[in-house]
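Q: I'd like a close look at one part of this model, taken slowly. Please start with a single pairing, work outwards from there, and then show me what else is going on around it.

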Amino acid sequence: DLESGKVELSIEKVEVFKSGRATKTKRRNKMIYAGTGHRPPKLGGYSLDNQEKLFKFAQKILSELPQPIELIISGMALGWDQALALAATELRVSFKAAIPFEGQERMWPQRSQENYRALLKCASKVVVVSEGGYSSQAMQDRNIWMVDNADHILALWDGTLGGTRNCLQYVKEEGLPWTNYWNQWLGFNK
């Protein structure tokens, strides 16, 4: 719970998203990137070794982006989302946590919950996109919020159906630029 003693965030760092599109403004040479991608089962599993590989890969991708980073937006799901958030933190890049609903981590293993809460403390801002608990609509609303607030999407997608595909479908509908790093991930993992 964001307001419990377990995660000490000031109220200024938490906002509940009320529908409405972000106004896109031109930025000078800096980009807001958001990430969408798979969870650990599609990325090699939950082992610490695999999480470290994913983090190193995310660090590599962020370090090699062609335009400077103003902000990273992470949906904070296990897998690619959290790897991007951790990489941003390690590279001293500001990141915003866009969580679909308060308590998204409650069903995760204890270690994953602790990592999630530690990452939230590093976020420049935490945006709670939907009130209430889990629903597929809350997950998609989070995706929409991220896309509407980004200049470019960093995807880690294998082409299968699911939440990542749903997010990228919206990206395509909105005409937002995106890059899929799946083939690079496969090469990185060899």
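**A strand between two partners, and a helix between two others**

A: Let's start with one pair: Gly37 has its bridge partner in strand β6, and that partner is Leu156. Before going further, keep in mind that this is a predicted model.

That pair belongs to a longer match-up. Strand β2 covers residues 31-37, and 5 bridges tie it to β6, with the two strands running parallel. Now turn to another neighbour of β6, strand β7, which takes in residues 178-180. Here 3 bridges do the joining, and again the strands run parallel. For an example on this side, find Ala155 and look for its bridge partner in β7: that's Asn180.

So how covered is β6 itself? The strand spans residues 152-156, and 5 of its 5 residues are buried, so the rest of the structure largely encloses it. You can check this face by face. On one side sit His152, Leu154 and Leu156, on the other Ile153 and Ala155, and all of them are buried. That takes in our two examples: Leu156 belongs to one face and Ala155 to the other.

Let's zoom out for a moment. The protein contains 6 helices and 7 strands. Starting at the N terminus, their order is β-β-α-β-α-β-α-β-α-β-α-β-α. Of the 190 residues, 49% are buried. Among contacts with a separation of 6 or more, 79% are between residues 24 or more positions apart.

Now for some helix packing, with helix α2 (residues 80-90) as the example. Much of α2 is covered too, with 8 of its 11 residues buried. Trp80, Asp81, Gln82, Ala83, Leu84, Ala85, Ala87 and Ala88 are the buried ones.

What does α2 touch? Take helix α1 (residues 48-63): its axis and that of α2 come within 8 Å and cross at roughly 60°. The two helices are therefore oblique to each other, and α1 passes α2 in a right-handed crossing. From α1, the contact uses Leu54, Phe55, Phe57, Ala58, Gln59, Ile61 and Leu62, while α2 brings Trp80, Ala83, Leu84, Leu86, Ala87, Ala88 and Glu90. Sorted by class, that contact has 12 nonpolar, 1 polar and 1 charged residues.

Helix α3 (residues 110-122) is another partner: its axis and the axis of α2 come within 10 Å and cross at roughly 45°. That angle makes α2 oblique to α3, and this crossing is left-handed. Gln82, Ala85, Leu86 and Thr89 of α2 meet Tyr116, Leu119 and Cys122 of α3. The class count here is 5 nonpolar, 2 polar and no charged residues. Notice that Leu86 turns up in the contact with α1 and in the contact with α3.

Finally, peek at the loops on either side of α2. In the loop between β3 (69-74) and α2 you'll find Met76. Its phi is positive, about 70°, although Met76 is not a glycine. With 0% relative accessibility, Met76 counts as buried. Past the helix, Arg92 sits in the loop between α2 and β4 (95-99). Arg92 has a positive phi as well, near 60°, and it is also a residue other than glycine. But Arg92 is exposed, with a relative accessible area of 80%. So here are two loop residues with positive phi, one of them, Met76, buried and the other, Arg92, exposed.

Key
Residues are numbered from 1 along each chain as its sequence is written. This is a predicted model: local features need pLDDT of at least 70, side-chain atom pairs count only at pLDDT 80 or more; totals for chains, interfaces and linings use all residues. Side-chain values use heavy atoms; hydrogens and water are left out. Axes are lines fitted to C-alpha atoms, for helices over the stretch in contact, and angles run from 0 to 180 degrees between N-to-C directions. Helices (H or I, at least four residues) and strands (E, at least two) are DSSP runs, numbered from the N terminus. Angles under 35 degrees count as roughly parallel, over 145 as roughly antiparallel, 65 to 115 as roughly perpendicular and the rest as oblique. A crossing is left-handed if the near helix is turned anticlockwise from the far one by less than a right angle, and right-handed if clockwise. Contact means heavy atoms within 4.5 Å. Ala, Val, Leu, Ile, Met, Phe, Trp, Tyr, Cys and Pro count as nonpolar, Asp, Glu, Lys and Arg as charged, and the others, Gly among them, as polar. Buried means under 20% relative accessible area, exposed over 50%, partly exposed in between (1.4 Å probe, protein chains only). Two strands pair if DSSP finds at least two bridges between them.
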